[in-house]
Amino acid sequence: MEQPKGVDWTVIILTCQYKDSVQVFQRELEVRQKREQIPAGTLLLAVEDPEKRVGSGGATLNALLVAAEHLSARAGFTGRDFPFDDCGRAFTCLPVENPEAPVEALVCNLDCLLDIITHRLGPGSPPGVWVCSTDMLLSVPANPGISWDSFRGARVIALPGSPAYAQNHGVYLTDPQGLVLDIYYQGTEAEIQRCVRPDGRVPLVSGVVFFSVETAERLLATHVSPPLDACTYLGLDSGARPVQLSLFFDILHCMAENVTREDFLVGRPPELGQGDADVAGYLQSARAQLWRELRDQPLTMAYVSNGSYSYMTSSASEFLLSLTLPGAPGAQIVHSQVEEQQLLATGSSVVSCLLEGPVRLGPGSVLQHCHLQGPIHIGAGCLVTGLDTAHSKALHGRELRDLVLQGHHMWLHGSPGHAFTLVGRLDSWERQGAGTYLNVPWSEFFKRTGVRAWDLWDPDTLPAEYCLPSARLFPVLHPSRELGPQDLLWMLDHQEDGGEALRAWRASWRLSWEQLQLCLDRAATLASRRDLFFRQALHKARHVLEARQDLSLRPLIWAAVREGCPGPLLATLDQVAAGAGDPGVAARALACVADVLGCMAEGRGGLRSGPAANPEWMQPFSYLECGDLAAGVEALAQERDKWLSRPALLVRAARHYEGAGQILIRQAVMSAQHFVSTEQVELPGPGQWVVAECPARVDFSGGWSDTPPLAYELGGAVLGLAVRVDGRRPIGARARRILEPELWLAVGPRQDEMTVKIVCRCLADLRDYCQPHAPGALLKAAFICAGIVHVHSELQLSEQLLRTFGGGFELHTWSELPHGSGLGTSSILAGTALAALQRAAGRVVGTEALIHAVLHLEQVLTTGGGWQDQVGGLMPGIKVGRSRAQLPLKVEVEEVTVPEGFVQKLNDHLLLVYTGKTRLARNLLQDVLRSWYARLPAVVQNAHSLVRQTEECAEGFRQGSLPLLGQCLTSYWEQKKLMAPGCEPLTVRRMMDVLAPHVHGQSLAGAGGGGFLYLLTKEPQQKEALEAVLAKTEGLGNYSIHLVEVDTQGLSLKLLGTEASTCCPFP
């Protein structure tokens, strides 16, 4: 489904709490812009908060100032320390995959919030500034129904919550029109009850607000006025004392209708806490300034009743609950490769992981950013992140339960390092109340481990002040060895090692969680996550190809190219292709290489479809032709390395990889030879003509599913009709033996003056049989496929012909249909040529064998193509052709039985309209194969629909229902357009629109693009009536309408008398 147009951002700002995060987060924004999640023209800014404790309001004001210096006030995001992700709540990865995303990537909270603002909340809003906290998880429906009529001031977005949940959060009080009267934080029961809506829910402060241009300018103007100037870098650079403001309980609160100036000035935002009178006075001055600037600006609320809000607290239990689905039928596995999925419990979650061997995960547990090798048992209620294979051994033989184990990238005294933290799921991160560690009271922890309070806190710390954030628990450096998870996991058990683990822990330099935050290397953390994501992605690519899964690798390819690491993906694709025992797997892998090269060209360098016969690539091609797949793939890769320097070369290399794939497709389709057999009969005398004639074909459903590789990877089904056009069978061939040991070829209509005439006197004259546009190529290929001539034999042509047949052959082919008609002419022509030629050589070939022989011939000719044309024209009447998803490729045909008299009824209602446009389908086939090999979801779904509808169409014929068949035609044309975009010329669309009121259904024949349009009219015998309709329409060009009738004979073959002269009639 196409993503609706969202907000066209001018600037996006991500505010950063730590200075060392600015460049790291700036790059993350730019990566998202490369993935097309953010428009290309949007200015991206990561902005450091001017002081650690300026609050959400101060961070917003500073962000507005920075934006104004670049453009004008526009947008912002903010966040605080978070114990479960080193990069904060914004970059917390969620168990979410977007199958429609053009670029495969992990989905962070920031990505979800940006999508919500851009495509759900933002559309329709006037110019202004959206501000969104990243401290919460939001869910918003696709159309929240927000009206922006007569809007001015600021608007907050509220989501529903229970009154009980609101006791620890913010809530809005509004009037019936949505005007905000007050904002309560941790309000009293009476205050919360006043906010309850008719649905029994309360509107929660969700962290999202929109400022109109006027209000944003008013707010921005405060940056020059003390003490609000201290919220910005300008004020701090001038020596001003920092001031902490809350966006919602300072800036927005002053705009609430029921708030008085006196109450506002003495209030304190919840994020400030309690402080001295001097701080309160400083804040009161800041609030007075906000009151003067913003009081007259209205504040309204948009309540999204069917959305949801969840603040990301420091509770591990709540965090785990937000990342798992307890009622889900199985584990959530997102961007991860898991060897033994049956070991993952229902209600568990795995994100961006590689799990090798037996890794057991309990219910309610989450694994993120881990590469683990079993046997490992992680029980219920655990969060494990940031561990690599080197750390797996520490987990062997131990079951974790209700624990949070994290690996961290550090920067210690100028050197990179690695540290680990271990806490309990039930531990509190608050500084007040009874403290615990590893889910037990400190006293019990001390008793179990031998750790003492003075190991963790300064001696003057009171027991009441013992808290987890300040406890120096976590080793970061040992004097003699590397640290691992085992340096913390020993604390889970009573010691039986004589105190060795305790002594090693005490010998290590240890940091508290608070101290650890200042040493985190967020750039290394994000780089490590990206590296692991691509490592699992390479495993995924290999598995998808080798298991023949209908999953698209195109988003993964774009991810590798956009983030600058296509090399490992190309190497993996080479390995898959070289080691494949199935030509279909190898061909798809080569097509993926072509996709990588095409993506690397980034839309430059010319069209993807084009020639693929450069001499430099012939050596790799020759290996493939000889069946040496490994050598061919290696040679292709060596040649590829010479073509990576610029877009034009990349595109040409991509074409040659598609050409290599065509060789493998050709070899797969050649397996149809298994079903080609002939029977020897009396050899006709020299000069005796054998004439083969055929009807054309009309495809009613299923076209494209017969095209290799779809025909043997998906399995094809096509319903076709053999038809006479204006009462004639328009396609034919005739052959006879001649005394001269030569081949006389004639191509064209039956009238000799328009015929192309060729004489082949030596094998060199036949060498261009595989060049479809060479004169007489199809006829030359017919001689080779019929076994009459062996083009690679050491015997001369004349010697071959004399030894076997005592002379040569003359072969004429003709078609009375225009070139590019879409009625299957070339394949049917190949069938008539083979049939006539084989009979002239003293052999008879059955029609079903002939269908497979044409498949073989078209591969020899290198035109490719499917089997529906020859099935439609060689077999009589109405029938369904089918091929199974297997090799060798075999086509089976079933006659469709219709009610008595229905064929005549169909003849009366079926018409052909020549559109006047030659069908230019040269690149359509390559485009379709490219989309199929990429397994684009829409194309895969459409291909399955084509096969399924063929059976429904056959039922329509059995019922004799013209309206039902008309519906099939109409939907079939939509399926063709989805399969091959661009196959409907504008003039044809205009013609179809004019004809629509008069027909049950209509479709262009074959692949579309031009040629014949066929109609199923509502009334019988409508040729003259529709000619009158079209005559009144301007701009349709040189069209013509033709009668059509079902042919019940199919291929006819007859021997004529001997002509007196067999002298060469050709010049």
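These legends walk through several close-up views of a predicted model.

**View 1. How sure is the predictor about this chain?**
Before zooming in, check the confidence. The pLDDT averages 88 over the chain, and 90% of the residues score at least 70. Residues 68–79 are a weak patch, with a pLDDT below 50. Even so, that stretch has 48 contacts in the model beyond near neighbours in sequence.

**View 2. Six aromatic residues form one cluster: Tyr437, Trp442, Phe445, Phe446, Trp457 and Tyr466.**
To describe a pair of aromatic rings, you give the distance of the centres and the angle of the planes. The structure holds 30 aromatic pairs. One of them joins Tyr437 and Phe445, an edge-to-face pair with 4.9 Å centre to centre and 90° between the planes. Both of these residues are buried. Phe445 also pairs with Phe446, and here the rings are tilted, at 6.0 Å centre to centre and 55° between the planes. So how accessible are Phe445 and Phe446? Phe445 has 0% relative accessibility, so it counts as buried. Phe446 comes in at 12%, and it counts as buried because the cut-off is under 20%.

**View 3. Two arginines sit over aromatic rings, Arg155 over Trp148 and Arg197 over Tyr303.**
In the Trp148 case, look for the charged end of Arg155, which is 4.8 Å from the ring centre. Then find Tyr303: Arg197 lies over its face, at 4.0 Å from the centre of the ring.

**View 4. Helix α19, residues 554–562, is largely enclosed by the rest of the structure.**
Why call it enclosed? Seven of its nine residues are buried, so the rest of the structure largely surrounds the helix. Those buried residues are Pro555, Leu556, Ile557, Ala559, Ala560, Val561 and Arg562. Yes, an arginine is on that list! Which helices do they pack against? The partners are α1 (22–34), α18 (522–546), α20 (566–579) and α21 (583–601). Just after α19 comes Gly564, with a positive phi of about 75°.

**View 5. Three strands make an open sheet in the order β16-β19-β21.**
Strands in a sheet pair through backbone hydrogen bonds, and they can do so parallel or antiparallel. Which way do these strands pair? The pairing here is parallel. The edges belong to β16 (359–361) and β21 (399–400). Each edge strand has a single partner, so one side of each is left without a neighbour in the sheet. Strand β19, residues 376–378, pairs with β21 over two bridges. To spot where the strands face each other, find His377, which stands opposite Glu399 in β21.

**View 6. Ala504 is a buried residue in helix α16, residues 500–507.**
Its relative accessible area is 17%, so Ala504 falls under the 20% cut-off for buried. Which residues does Ala504 touch, leaving aside neighbours within four places in sequence? The contacts are with His478 and Arg481. For a sense of scale, try Leu14: Leu14 and Ala504 are 490 residues apart along the chain, and their C-alpha atoms are separated by 42 Å.

**View 7. Residues 954–1029 carry a domain label in UniProt.**
The unreviewed UniProt entry lists this stretch as "domain: GHMP kinase C-terminal". In the model, residues 954–1029 are 54% helix and 16% strand. The C-alpha atoms at the two ends of the stretch are 31 Å apart.

How values were computed. Residues are numbered from 1 along each chain as its sequence is written. This is a predicted model: local features need pLDDT of at least 70, side-chain atom pairs count only at pLDDT 80 or more; totals for chains, interfaces and linings use all residues. Side-chain values use heavy atoms; hydrogens and water are left out. Rings of Phe, Tyr and Trp (its six-membered ring) pair if their centres lie within 6.5 Å; planes under 30 degrees apart count as stacked, over 60 as edge-to-face and the rest as tilted. Buried means under 20% relative accessible area, exposed over 50%, partly exposed in between (1.4 Å probe, protein chains only). A charge sits over a ring if NZ of Lys or CZ of Arg is within 6 Å of the ring centre and within 35 degrees of the ring normal. UniProt positions are given in the numbering used here, feature names are shortened, and annotations may be inferred rather than shown by experiment. Helices (H or I, at least four residues) and strands (E, at least two) are DSSP runs, numbered from the N terminus. Contact means heavy atoms within 4.5 Å. pLDDT is the predictor's confidence in each residue, from 0 to 100. Two strands pair if DSSP finds at least two bridges between them.
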